[in-house]
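Me: I've got a model open and I'd like to learn how to read it feature by feature. Could you walk me through it?

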Amino acid sequence: GEEEDFPGSPKKDLFVFHLPNGMTEGQLHDLFSQVGKLRRARIQFHTEEGKRATKGYGFVTFKRFSDAVVAVHSLNGFSVGGKVLAVTYCRDTPRPISANNSVSTNNGTNSARNRKARRGQRRASASA
C-alpha cells in the first residue's frame with residue numbers, strides 16, 4: 001500500500017532547480033512520473049513585462065518515499081533543455097545558521113546595522 005505521512009516520516013517532497021526557461025508543469029510531471037506516481041508537480045512562476053516566466057525551480061511530491069529516493073539518485077544531474085537539474089529533498093526546518101552568516105533569529109543581533117555599530121566600537125577601542 002501507500003506509505004503514510006506522519007511526523008518524522010521520510011520525505012516525499014523534492015525541490016528541483018535549474019529548470020529550463022520553457023519547461024511547463026506538464027513536462028515536469030511527465031519527467032518525474034517516469035520514476036513513480038506523483039501527487040503533484042509545480043513550477044514557480046513570476047510575471048515579467050506582462051509575460052509569465054519560470055523562476056527556474058519547482059517542487060515535486062511523490063506518493064511513495066522510495067520513488068522520491070530513486071528520483072533524487074536518477075534525476076539529480078540529469079540534463080534537460082540545456083540545463084542540468086539539481087534535485088534535493090525539501091526541508092521542513094531551516095538550515096542551522098552559522099556564526100558568520102548574516103541571517104539570524106537572535107533578535108537582530110546580527111543585523112547589518114548592529115554589525116556596523118560593533119565595527120565602530122572595535123575601531124574606537126583600537127584607537128584608545
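**Reading the fold**

Reply: Let's start with the sheet. There are 4 strands in an open sheet, ordered 2-3-1-6, and their pairing is antiparallel. Strand 2 (38–48) and strand 6 (86–89) are the edge strands, each pairing on one side only. On average, neighbouring strands of this sheet are turned by 25 degrees against each other, direction ignored. Keep in mind that this is a predicted model.

Me: What do the elements of the protein look like in order, from the N terminus on?

Reply: The order is β-α-β-β-α-β-β-β-α, and the total comes to 3 helices and 6 strands.

Me: Over how many bridges do strand 2 and strand 3 pair?

Reply: Strand 2 and strand 3 (residues 51–62) pair over 9 bridges, in the antiparallel sense. To get your register, find His46, which stands opposite Ala53 in strand 3.

Me: Next, the helices. Which strands does helix 1 lie across?

Reply: Look at both the partners and the angle. Helix 1 (residues 25–33) lies across strand 1 (13–17), strand 2, strand 3 and strand 6, and runs at about 150 degrees to strand 2. Helix 2 (residues 65–75) also packs on the sheet, where it touches strand 1, strand 3 and strand 6. The direction of helix 2 makes about 150 degrees with that of strand 6.

Me: How should I think about the core, and which residues have the most contacts inside it?

Reply: The general idea is that nonpolar side chains tend to be buried together in soluble globular proteins. Here the largest nonpolar core has 19 residues, and those with the most contacts inside it are Leu14, Val16, Leu28, Phe32, Val60, Phe62 and Val87. Strand 1, helix 1, strand 2, strand 3 and helix 2 are the elements that give two or more residues to this core. Helix 2 gives the most, with 4 residues.

Me: Say I click on Val16. What does Val16 touch?

Reply: Leaving out residues up to four places away in sequence, Val16 touches Leu28, Phe32, Gly56, Tyr57, Gly58, Val60, Leu85, Ala86 and Val87. For the whole protein, buried residues make up 23% of the 128 residues. Among contacts with a separation of 6 or more, 57% come from residues 24 or more positions apart.

Me: On to the rings. How many aromatic pairs are there?

Reply: The count comes to 6 aromatic pairs. Take Tyr57 and Phe59: their ring centres are 6.0 Å apart and their planes are at 90 degrees, so this pair is edge-to-face. Ring pairs also link Phe15, Phe17, Tyr57 and Phe59 into a cluster.

Me: Are Tyr57 and Phe59 buried or partly exposed?

Reply: Check the relative accessibility against the cut-off: buried means under 20%. Tyr57 counts as partly exposed because its value is 24%. Phe59 has a relative accessible area of 21%, so it is partly exposed.

Me: Which ring does the charged end of Arg52 sit over?

Reply: That's the ring of Phe45: the charged end of Arg52 is 3.8 Å from its centre.

Me: One last residue: where does His29 lie?

Reply: His29 lies in helix 1. At 32% relative accessibility, His29 counts as partly exposed. Not counting residues up to four places away in sequence, His29 touches Leu38 and Ala41. C-alpha to C-alpha, His29 and Arg39 are 9.6 Å apart in space, with their positions 10 residues apart in sequence numbering.

Key
Residues are numbered from 1 along each chain as its sequence is written. This is a predicted model: local features need pLDDT of at least 70, side-chain atom pairs count only at pLDDT 80 or more; totals for chains, interfaces and linings use all residues. Side-chain values use heavy atoms; hydrogens and water are left out. Two strands pair if DSSP finds at least two bridges between them. Axes are lines fitted to C-alpha atoms, for helices over the stretch in contact, and angles run from 0 to 180 degrees between N-to-C directions. Contact means heavy atoms within 4.5 Å. A nonpolar core is a set of buried Ala, Val, Leu, Ile, Met, Phe, Trp, Tyr and Cys residues joined through side-chain atoms within 4.5 Å. Buried means under 20% relative accessible area, exposed over 50%, partly exposed in between (1.4 Å probe, protein chains only). Rings of Phe, Tyr and Trp (its six-membered ring) pair if their centres lie within 6.5 Å; planes under 30 degrees apart count as stacked, over 60 as edge-to-face and the rest as tilted. A charge sits over a ring if NZ of Lys or CZ of Arg is within 6 Å of the ring centre and within 35 degrees of the ring normal.
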